[in-house]
Amino acid sequence: MTAEKANLLQDVWKTKHGSQVCSHSRIIEPLEPKNQRNGYHVVCRECGSIILDPYNSFAVGMTVHVA
Ligand SMILES: [Zn+2]
């Protein structure tokens, strides 16, 4: 997912849920491009939040389960 698409998801989330905080409990996917200087980031597909992936899970091909 690109940062532009993440921004769109953030707008959709705000429209639907206002100031409600997302638990990022649904599906996430890597932020493109993957050659990021400060570590790998993932995007919550529900709210569009861009999150630093502390485990670099996608770098090693693992599936992430966000609590
Ligand atoms: Zn979220």
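**An exposed edge residue and the sheet behind it**

Leu 52 is exposed, since just 12 other C-beta atoms lie within 10 Å of its own, and a residue counts as exposed at 12 or fewer. In this predicted model, Leu 52 sits in strand β3. Its bridge partner across the pairing is His 41. Setting aside neighbours within four places in sequence, Leu 52 is in contact with Gly 39 and His 41. Gly 39 is 13 residues away from Leu 52 along the chain, yet the two C-alpha atoms are 7.0 Å apart in space.

Strand β3 belongs to an open sheet of 3 strands, ordered β1-β2-β3 and paired antiparallel. The edges are taken by β1 (28-30) and β3 (50-52); each has a single partner strand, so one side of each is left without a neighbour in the sheet. Ignoring direction, neighbouring strands are turned by 35° against each other on average. On one side of the sheet, β1 and β2 (residues 41-44) are held in register by 3 bridges in the antiparallel sense, with Pro 30 opposite Val 42. On the other, β2 and β3 also run antiparallel and are joined by 3 bridges. These two strands make a hairpin with 5 residues between them, and Gly 48 in the turn has a positive phi of about 80°.

What of the side chains on β2? His 41 and Val 43 point one way, Val 42 and Cys 44 point the other way, and all of them are buried. That fits the usual pattern, as side chains in a regular strand alternate between the two faces of the sheet. The pairing of His 41 with Leu 52 thus puts a buried residue of β2 opposite an exposed one in β3, because Leu 52 has 12 C-beta neighbours within 10 Å and burial takes 20 or more.

The largest nonpolar core has 7 residues, namely Ala 6, Ile 28, Leu 31, Val 42, Val 43, Cys 44 and Cys 47. Strand β2 gives the most to this core, with 3 residues. Such grouping is no surprise, given that nonpolar side chains tend to be buried together in soluble globular proteins. Cys 44 has a broad set of contacts: not counting residues up to four places away in sequence, it touches Cys 22, His 24, Arg 26, Ile 28, Ser 49 and Ile 51.

One of those contacts, His 24, has a backbone quirk of its own. It has a positive phi of about 50° although it is not a glycine, and it is found in the loop between α1 (3-17) and β1. His 24 counts as partly exposed because it has 18 C-beta neighbours inside 10 Å. A second oddity is the cis peptide bond joining Glu 32 and Pro 33, with omega at about -5°. Pro 33 lies in the loop between β1 and β2. Both features stand out because most residues other than glycine have a negative phi and most peptide bonds are trans.

As for confidence, the chain has a mean pLDDT of 82, and 73% of its residues reach 70 or more. Confidence is lowest in β1, at a mean of 86, and highest in α1, at 96.

Definitions and conventions:
Residues numbered from 1 in each chain as written. Pairing = 2+ DSSP bridges. Helix = DSSP H or I, 4+ residues; strand = E, 2+ residues; numbered from the N terminus. Axes fitted to C-alpha atoms, helices over the stretch in contact; angles between N-to-C directions. Contact = placed C-beta atoms within 7 Å. Core = buried A, V, L, I, M, F, W, Y, C linked by C-beta atoms within 7 Å. pLDDT = per-residue confidence, 0-100.
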